[in-house]
2 protein chains.
Amino acid sequence: MTFWNEELETMPVEELKEMQFRLLQNEIRTMYEKSEFFRGRMQSVGLTPDDITDMEQFRKIPCMRKSDLRDNYPDGLFVRPYDELVRIHVSSGTTGRPTVVGYTQTDIDNWSESLARGLTSFGVGKKDVFQNMHGYGLFTGGLGVHYAGEKVGATVIPTGVGNTDRQIQLMQDLPVTCLAGTPSYMFHIADVCDQKGVDIRKQTKVTKALAGGEPWSESMRKKLYDRTGIKAYGCYGASEFYGPMFLECDAQCGMHVWADLTLIEILDKDGNPVPDGESGEVVVTMLQKEAFPLIRYKIGDISTLTWEKCRCGRTHPRLGRITGRADDMIVVRGINVFPSQIESVIGEMPFLSPFYHITLTNENYMDKMVVDVEVLPECLPDDVNAINEMSAKVQARLKEILNLKAVVKMNLPGTLERFEGKAKHVTDNRSWD
Amino acid sequence: MTFWNEELETMPVEELKEMQFRLLQNEIRTMYEKSEFFRGRMQSVGLTPDDITDMEQFRKIPCMRKSDLRDNYPDGLFVRPYDELVRIHVSSGTTGRPTVVGYTQTDIDNWSESLARGLTSFGVGKKDVFQNMHGYGLFTGGLGVHYAGEKVGATVIPTGVGNTDRQIQLMQDLPVTCLAGTPSYMFHIADVCDQKGVDIRKQTKVTKALAGGEPWSESMRKKLYDRTGIKAYGCYGASEFYGPMFLECDAQCGMHVWADLTLIEILDKDGNPVPDGESGEVVVTMLQKEAFPLIRYKIGDISTLTWEKCRCGRTHPRLGRITGRADDMIVVRGINVFPSQIESVIGEMPFLSPFYHITLTNENYMDKMVVDVEVLPECLPDDVNAINEMSAKVQARLKEILNLKAVVKMNLPGTLERFEGKAKHVTDNRSWD
């Protein structure tokens with residue numbers, strides 16, 4: 001059993017909780033001083049940093065949401081000038097407006113530290129050759145994992161996404177021991193290996209994988225292992241925190257949330273904390289973030305958190321699998337999609353009614369999204385070409401907005417289901433079994 | 001005038017040359033001990049490290065070539081075990097076999113150091129927001145420039161290649177001051193800005209750019225400036241060294257080759273050094289490389305080198321523009337293409353004669369490659385579909401091998417020009433004026 005930072009990772013729980021709360025008070029004080037946005041939030045409920053003497057007081061601070069980042073596009077929440085920032089990542093938002101996140105050098109270091117602890121916790125280190133198939137660039141997955149891989153001394157091969165033939169060639173030709181990528185891409189690799197007659201167990205040295213960016217299940221973990229001999233380890237994070245941050249350890253029973261960097265609350269519908277290990281809404285506070293405040297951030301995920309000591313010896317709490325969403329966001333091929341984005345595209349098309357329906361399916365864990373739309377009676381086309389042109393137009397615009405290919409199906413006027421009250425816009429027939 | 005490492009960058013020339021030679025002797029000693037390949041090269045001409053007492057002796061060491069890396073695919077030249085390597089980059093080679101390069105942490109640090117000096121030399125630092133449009137991943141451009149950008153404290157936006165609309169949006173919405181990318185992509189950005197009615201001078205803060213990855217000219221520099229107000233600075237490097245390494249300074253009269261990291265010889269056809277500032281073949285020796293030896297490496301470029309002190313105050317020598325190639329390699333859209341690669345694809349096609357011709361043109365500095373091929377008389381197809389299928393097949397395979405789109409033109413048997421003696425396979429009609 002090795003640790004990246006043993007003393008800190010195995011600190012007695014009470015000591016750890018005390019340290020966490022001191023860091024929380026410190027972050028609140030700093031952000032109250034530097035952030036007009038956060039000061040406003042505190043003042044709106046009549047709080048000053050001195051009032052935050054326990055968790056009950058802390059829970060009086062109003063929660064932040066994705067919309068706060070969006071409304072302050074591009075950099076309205078930043079509390080450091082650009083000359084103190086060393087990086088910016090950008091992720092697609094809900095209305096075509098992206099979310100922009102900034103990093104100081106300390107932010108980058110803390111991010112790498114978090115992932116370095118996680119990589120070490122499932123045995124990735126100097127001896128490993130680490131093929132990183134996460135996308136590099138504005139997306140946080142590639143660079144985040146890359147920096148951490150180098151930090152633990154692994155040999156990182158920055159293959160990025162795509163070019164499956166080359167990925168498989170490198171897996172065979174170099175002594176690759178660990179992959180990183182989305183779980184669905186791992187299955188795609190396994191499929192292509194089967195087609196090529198490449199036996200991953202015999203013709204490569206790959207035995208483990210960091211699997212993140214989209215939902216997956218225990219049965220996927222088992223299937224991947226049975227097919228390939230690769231043990232997959234889960235990952236949680238979001239660009240608003242820093243990026244991917246919390247990984248599963250060897251014990252594979254939850255993702256360790258480093259309590260010196262992050263405080264996660266799990267709340268019920270009334271905003272009260274649920275008992276340890278029970279399910280509720282995930283609310284994230286970053287404790288040492290410098291570039292902008294992320295305090296009581298409702299990311300919209302449903303999960304559990306337990307402080308029960310892990311078999312691996314780490315005392316930091318563990319987050320369970322994400323089991324649902326508190327809002328209507330869906331994750332398709334690792335990309336966050338809001339029905340409102342699709343609604344806005346439909347609104348742009350003068351020939352469509354406002355009715356639509358999204359159907360999600362998957363095959364070999366590859367997601368497929370079908371969007372049913374309805375032509376207006378007065379715009380009914382007279383030939384097939386015209387219909388195809390309409391759907392192509394919608395599809396192209398969806399691709400632009402979502403960065404995702406959707407199948408657009410044109411429907412006759414009045415044929416899509418109407419709802420009384422809240423419309424049901426999404427049917428998710430995907431299975432991760 | 002600011003420097004990244006003033007003492008070193010402005011060291012008196014004699015002192016610098018002495019240091020350079022000491023580093024050279026040291027590298028030769030290390031690699032002679034660690035590298036069977038390099039020791040063999042030395043022994044083949046009866047040399048030991050102790051014999052290398054001056055440049056004349058040094059020049060007796062046989063040169064390395066790209067084929068040495070290829071022949072030792074994937075890692076036969078590495079002198080460090082994988083647990084001492086932190087990264088691997090892979091670039092496409094001449095026969096479909098890629099070139100694999102490894103890095104220790106010191107290699108990565110020296111690479112970033114080299115680029116950090118260069119970025120500082122044309123004024124990029126803490127105050128800058130640096131949009132890096134080079135490709136991230138296995139290609140060295142993206143990550144190389146990224147690390148250096150963060151090192152000098154600029155705010156790096158890792159946009160990578162493509163998605164021009166988003167690039168332009170971010171240039172406007174964030175206080176971007178400097179771009180990095182291929183010169184042709186800068187012109188593409190300028191074109192799209194024109195179409196969108198975006199005035200780069202008025203609607204962005206961009207005033208400078210690092211332009212690398214493909215050949216360009218003084219007249220392109222002037223045109224880009226006249227159109228956009230962006231001053232472009234040249235760049236030289238290759239993944240075999242580390243990646244992009246040597247940049248132009250504010251004086252824009254050559255790329256500073258850091259003499260503590262690299263020794264560049266310029267040789268005539270007989271392998272003798274040309275006088276300072278005269279044109280010849282570029283031969284590169286890396287002086288502090290750890291992962292594998294790069295000693296007397298004939299990269300195939302033609303250029304000049306001068307030790308004349310630069311107006312900027314730096315004493316390190318300056319490499320001129322690359323004015324040609326010593327071999328038949330061509331660079332198309334920043335990708336190295338060898339006619340032999342195309343020849344091998346043609347050889348795979350049972351319906352083609354061995355005759356072919358490559359024609360290169362460009363429009364707005366975007367390269368276009370047309371490959372003329374010839375059908376065998378016995379394979380003459382009877383309809384247009386069959387011809388199209390043939391050309392599509394060749395085109396798809398070329399794309400696979402070259403990672404580049406080529407237009408394939410099918411020709412009737414016997415209609416391509418035959419050459420007595422050495423065939424002329426390439427017509428380069430591109431202009432960078």
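**Exercise 1. How many residues does the contact take from chain A and from chain B?**

Before we start: this is a predicted model.

Step 1. Count each side: chain A puts in 36 residues, and chain B puts in 36 residues.

Step 2. Turn to area. About 3,100 Å² is buried between chain A and chain B, and carbon and sulfur atoms give 61% of that.

Step 3. Look for the big contributors in chain A. D83(A), L138(A) and E150(A) lose the most area to chain B, together 18% of what that side buries.

**Exercise 2. Work out which polar links run across the interface of chain A and chain B.**

Step 1. Start with salt bridges: the rule finds four of them across this interface.

Step 2. Pick one to look at. The side chain of K127(A) meets that of D83(B) in a salt bridge, at 3.0 Å from N to O.

Step 3. Widen the search to polar contacts. Between chain A and chain B, 22 residue pairs qualify, with both residues at pLDDT 80 or more.

Step 4. Now see where the side of chain A that touches chain B comes from. β2 (87–91), α7, β5 (155–157) and α8 (164–173) of chain A each supply at least two of its residues.

Step 5. Sort that side of chain A by class: 21 residues are nonpolar, seven are polar and eight are charged.

**Exercise 3. Describe how α7 of chain A packs on α7 of chain B.**

Step 1. Decide what to report. Two packed helices are described by the angle between their axes and the distance between those axes.

Step 2. Read off both values. The two α7 helices, residues 140–151 in chain A and residues 140–151 in chain B, pack at about 80° with their axes 14 Å apart.

Step 3. Name the arrangement. Angles from 65 to 115 degrees count as roughly perpendicular, so α7(A) is roughly perpendicular to α7(B).

Step 4. List who meets whom. From α7(A) come L143(A), H146(A), Y147(A) and E150(A), and they meet L143(B), H146(B), Y147(B) and E150(B) of α7(B).

Step 5. Class the residues in this helix contact: four nonpolar, two polar and two charged.

**Exercise 4. Track down some unusual backbone geometry.**

Step 1. Recall the usual case: most residues other than glycine have a negative phi, and most peptide bonds are trans.

Step 2. Check the peptide bonds. Y73(A) and P74(A) are joined by a cis bond, with omega about -5°. P74(A) sits in the loop between α5 (66–71) and β2 of chain A.

Step 3. Do likewise in chain B. Y73(B) and P74(B) are joined by a cis bond, with omega about -5°, and P74(B) is in the loop between α5 (66–71) and β2 (87–91).

Step 4. Check phi. Q252(A) isn't a glycine, yet has a positive phi of about 50°. You'll find Q252(A) in the loop between β10 (244–247) and β11 (255–256) of chain A.

Definitions and conventions
Residues numbered from 1 in each chain as written. Chains lettered and ligands numbered in written order. Predicted model: local features only at pLDDT ≥ 70, side-chain atom pairs only at ≥ 80, totals over all residues. Heavy atoms only, no water. Axes fitted to C-alpha atoms, helices over the stretch in contact; angles between N-to-C directions. Helix = DSSP H or I, 4+ residues; strand = E, 2+ residues; numbered from the N terminus. Parallel < 35°, antiparallel > 145°, perpendicular 65-115°, else oblique. Contact = heavy atoms within 4.5 Å. Nonpolar A, V, L, I, M, F, W, Y, C, P; charged D, E, K, R; others polar. Buried area = accessible area lost by both parts, 1.4 Å probe. Salt bridge = Lys/Arg side-chain N within 4 Å of Asp/Glu carboxyl O. Polar contact = N/O pair within 3.5 Å; in protein donor to acceptor, adjacent residues only side chain to side chain.
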